[in-house]
2 protein chains.
Amino acid sequence: MSVKTTTLPSGLRIVSDRMAHLETASIGVFVGAGSRHEHLSEHGLSHLLEHMAFKGTRRRSAREIAEDIEMAGGDLNAATSTEHTAYYAHVLAQDIPLALDILADVLIESTFEASELEREKGVILQEIRAVEDTPDDLVFEMLNSAAFPDQPIGRPILGTAERVSGFSGDAIRAYLATHYLAGTIVVSAAGAVEHNFLCNEAARVFSRLPSVCPEWDPAPAYYRGGDKRMKRRLEQVHIAVGFEGTPYSNPDFYALQIFANAAGGGMSSRLFQEVRETRGLAYSISAFHWGYSDTGLLGFYAATDPKNSGELMRVALDCFGKAALDLSDAEIKRAKAQMKVSLLAALENPAARCDQMARQMIAFNRVLAREEIIAAIDRIDTSQIRAEGARALRSSPTVAAIGPVAKVFVPDRVALQLKGI
Amino acid sequence: MSVKTTTLPSGLRIVSDRMAHLETASIGVFVGAGSRHEHLSEHGLSHLLEHMAFKGTRRRSAREIAEDIEMAGGDLNAATSTEHTAYYAHVLAQDIPLALDILADVLIESTFEASELEREKGVILQEIRAVEDTPDDLVFEMLNSAAFPDQPIGRPILGTAERVSGFSGDAIRAYLATHYLAGTIVVSAAGAVEHNFLCNEAARVFSRLPSVCPEWDPAPAYYRGGDKRMKRRLEQVHIAVGFEGTPYSNPDFYALQIFANAAGGGMSSRLFQEVRETRGLAYSISAFHWGYSDTGLLGFYAATDPKNSGELMRVALDCFGKAALDLSDAEIKRAKAQMKVSLLAALENPAARCDQMARQMIAFNRVLAREEIIAAIDRIDTSQIRAEGARALRSSPTVAAIGPVAKVFVPDRVALQLKGI
C-alpha cells in the first residue's frame, strides 16, 4: 500500500498516497470543523472564514494569492460543509512547496482586513440569493433543517443574510483561534508526491499552527423529522424525503449505504425503474444516504410535474418500504459491485483520493485499506441490509418541497406498510 | 506515446490510450451528429434517440441493459450536444467486452417500442421543464439562440414540448439510419485497455453498423447577435453576454482561448478581480469560449443583485474591452500555464481522456499530441491574443438575461471603446 501517515509533534496529521505515474498532485488541508461546530451567534462563520482566507495575508494580497498559484498553472479551491472546512490545491509535482506555502499562509496569516470583509459579505449575500434561485439546492437545505430542527447540524451552511452582515474581523479571528488547531487539521496529498518531502515542507510552513488540543465537540444531533413546504411558481415541484440514517462510525453504516444503492442508486434500482422507467414520472429521481459522525439521513429526491407529485411520492415510498421487506440477493450483489468499482475509481483519481483520505483521517484517525472496505461490504448479508433499511424507515419522515406543492403530503410512518416487521 | 488509432474497413475509427497503472477503463462511442444536424422538423430528435437507446433492444429490455452493466459494477451514460452524441461506459478492465457489447446493442439493435417511446417523451418533457426552473442553464440556452437565430445551432438541444410529443418510432429509425454510420462514429477508450483487443471486440460487435458514407453536413452557422430577456421573480438576475468566437478548426482558436482565460478564466483574471474581488458585485462570474466546427461564442456569465446588474455589465464589458488593448505578458503567461496544467490533468483522467480523444478524432481525424498542443499555445504571442480578442469584440453583442432584468442593457459594440484599434 502506497499510503503513508505521519503525526507531527504539534498534532498535525499528514497523509499521502503516491501515484507514481502522475505528474500532478492534489493537496488538501482539511479542518475538522464546519457549520455544526458553530454556536447560534456564530452561524455562517465557518463559511465566511473560508471566503476571507483568500482575501489577504501578512505576506500576500488577495490578488497575489490568486496570481501566485495561477502563475504555476495551479488552482486553489475551498469548501465548507457541516463537519469540515477544506482548502485544496491542484498543481504540478514541482509546485507542491508553493501550494503548501500558500495554503499555510491563508490558514495562519490571514489579516481579515475590514474593507475586504465588507466586500466579501456582499459576495456571500449573493451566494445565499443564488441558492434561493436554485430549487434543487434549496430543497436539500430545507430537508436538512426539517430533519434536524433547532440544531446546528440542521442550519444552512452559508448562514443567514442578517447574521453574516453582522460579523466582525474579531469574530472571525476568535473562531479561527478556537477551531484551526494542529490537532484538528489533516494535510492530505495524492498523486506525484513523496511522503517525507511532504512532511518536511508541511512541518515548516505549518509550524505556527497552535498545537493546543481542541476543547470543543459539536452538539450531538437528534433526528426529529418534520416538513417544510414552499409554494413557488415553478414548472416542476422539487421533493426531497428523508428518514433517520446511520452515522459513518456505526458498523451498520455500510448496510444502509447498500440499502440506499439497491433501492434507489443506479439505473437498475427499484426507484429508477418504477418512477422513471415504468411510469415516466420524473427525469431526476435518486436515493441518497448521507452519513455524519453521529447521525445520518436516508432519502430520495425527485422533480416532477405538480399534478403527478402525489403519485410519485406514493410510488417512491412504496419502493423504499418494499425494499426493506424483500430486496433480493441479486439486487444487493449489483449494489455492492457498483460501490466497489466507485471505490476503485476514487483511488485512481488524485482529487478524489486526497479528499477520501482526509475524511477518513478525521473520522477514524487512519486510512482504511481498499481491501478492508471491500471486506466490510462483502460481510453484510441480505437480512442485515433489509433490517437496517426497515430501521431507518421506521423513523419519523421528513419532507421538503418547493414549487406547486398542493399534492405533496407528509406520509404516515412507512413502517405502517412494513407488515410483519 | 501510448495512443493508438485504427480505422476499420467499415470506416469505424477506434482510438485508445493505455494507462497501464489503472484497473478501470472509460469507453465512449461518439457519433458526429447532434442537434445542429437536425432539420427543423427533426428538432429534438438527436436527444430523443439518445434517451430511447436505453429503452430496449432486440436482445435486452431496458431493465436488462441497466442490470447487465450494473451487475459488473459499471455505469452507462450518454449526452447529446450541438455537434455530437456520446454514449459512455466506465468499467473494470475485465468488463470491456461487456461494455462494448451493450454499447453496440443500444446503438444498433434498439427497438423503439411504441409504449416505451410514449413514456420516454414524458420524461423528456420533465427534463425540458427542469431547464425552465434552472436560470443558470436557461440563460445559456437563450444566449445561444440569440447569437444564432433561426439556425439549427441556435436551437435548444432538448427540442420543444410540441415537437418532442409528435415524434414517431419511424422518425427515430430514419434519423438513426442516416446519422449513425460507421464513418461518423469513433470508439474511444482510455485506462486499462489494450488496443488490439479493443479493435477486435469493437469490429465484432459493431459489424452491423452501416458502412455507407454520410451524405450530410450541418448548415453553416452565422453568428448574428441580438438579445433575449425574460422577466422573472428571482433573487438574482442571471446575465450572459456573448460575441463571435473562433472555430476550433481555425489556427486562431487557441489565441481566443487564451484571451478568454486571461480576461476572465481564473481567480487572478481581470473579470474575477474587478467584478468579485474589487467590487463584490457577484458570487459567480466567469468568461468562456466555446468552439464549434465553423464558429464560436466568446462571453461571460454572472448572476447578481438586480440593482447592481447595470454596473456589473459595464465593469465586465470594460474588462473585456481593455483586455483586447493591453493584456500583459504576465497575464498571458498565467493563462497559458493554467491551460497546460488543465491539459495534463485531463491526460491523467480516463473519462476526460476518452472524451478528448474522441472529440479530436471527429474534429481532426487524429489525436493531437500533448507536445503539439503545448507548442501551439506557446507559439502565440501577446499581440495575436489581443488582436483575436479585439476581432471577437467587434462583433455584434449578444445578451441573454433572466430575472428582474430592468437594468440589463444591450451594449453598443464594444469596439467603440477600443480606440485606436
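**Two chains, their sheets and their contact**

Colleague: In β5(B), which residue is the bridge partner of B:Thr24?

Modeller: Strand β3 (residues 24-31) of chain B runs antiparallel to strand β5 (residues 85-92) of chain B, and eight bridges join the two. Helices (H or I, at least four residues) and strands (E, at least two) are DSSP runs, numbered from the N terminus. Within β5(B), B:Thr24 is bridged to B:Leu92.

Colleague: What kind of model is this, and what pLDDT do local features need?

Modeller: Residues are numbered from 1 along each chain as its sequence is written, while chains are lettered from A and ligands numbered from 1 in the order in which they are written. The model is predicted: totals for chains, interfaces and linings use all residues, side-chain atom pairs count only at pLDDT 80 or more, and local features need pLDDT of at least 70.

Colleague: Which strands of chain B are the edge strands of the six-stranded sheet?

Modeller: Strands of a sheet pair through backbone hydrogen bonds, either parallel or antiparallel. Two strands count as paired if DSSP finds at least two bridges between them. In chain B, six strands form an open sheet with mixed pairing, in the order β1-β2-β6-β3-β5-β4. The strands that pair on one side only are β1 (3-7) and β4 (75-80) of chain B.

Colleague: Which strands of chain B does helix α3 (residues 96-108) of chain B touch?

Modeller: Helix α1 (residues 45-52) of chain B packs on the sheet against β4 and β5 of chain B, and its direction makes about 170° with that of β4(B). Axes are lines fitted to C-alpha atoms, for helices over the stretch in contact (C-beta atoms, placed from the backbone, within 7 Å), and angles run from 0 to 180 degrees between N-to-C directions. Helix α3 of chain B also packs on the sheet, its direction at about 155° to that of β5(B), and touches β3, β4 and β5 of chain B.

Colleague: In which order do the five strands of the open sheet in chain A stand, and which are at the edges?

Modeller: The order is β7-β11-β8-β10-β9 (chain A), and the pairing is mixed. Two strands have a single partner each, so one side of each is left without a neighbour in the sheet: they are β7 (226-231) and β9 of chain A.

Colleague: In β10(A), which residue is the bridge partner of A:Ala287?

Modeller: β10(A) runs antiparallel to strand β8 (residues 237-244) of chain A, with eight bridges, and A:His238 has A:Ala303 as its bridge partner in β10(A). Eight bridges also join β10(A) to strand β9 (residues 284-291) of chain A, again antiparallel. β9(A) and β10(A) form a hairpin with four residues between them. The partner of A:Ala287 in β10(A) is A:Phe300.

Colleague: How many residues of β10(A) are buried?

Modeller: A residue is buried if 20 or more other C-beta atoms lie within 10 Å of its own, exposed if 12 or fewer, and partly exposed in between. A:Gly296, A:Leu298, A:Phe300, A:Ala302 and A:Thr304 point one way, A:Leu297, A:Gly299, A:Tyr301 and A:Ala303 the other, and all are buried. The strand is therefore largely enclosed by the rest of the structure, the count being nine of the nine.

Colleague: What covers the buried residues of α1(A)?

Modeller: Eight of the eight residues of helix α1 (residues 45-52) of chain A are buried, so this helix is largely enclosed by the rest of the structure. Among them are A:Leu45, A:His47 and A:Glu50. The cover includes β4, β5, α4, α6 (161-166) and α7 (169-179) of chain A.

Colleague: What is the radius of gyration of chain A?

Modeller: Chain A has 15 helices and 11 strands. The globule rule (2.2 Å times the number of residues to the power 0.38, for a radius over C-alpha atoms) gives 22 Å for 421 residues, so chain A is as compact as a globular protein of that length, with a radius of gyration of 22 Å.

Colleague: Which element gives the most to the side of chain A that touches chain B?

Modeller: In all, 54 residues of chain A are in contact with 54 residues of chain B. Elements giving two or more residues to this side include α2 (62-71), α4 (114-132) and α12 (329-347) of chain A. The most, nine residues, come from α4(A).

Colleague: What rotation superposes chain A on chain B, and what relation is that?

Modeller: Copies are superposed by least squares on the C-alpha atoms of residues with pLDDT of at least 70 in both. The rotation is 180°, with 0.0 Å of shift along its axis and an RMSD of 0.0 Å. That is the relation of a two-fold axis.

Conventions: Contact = placed C-beta atoms within 7 Å.
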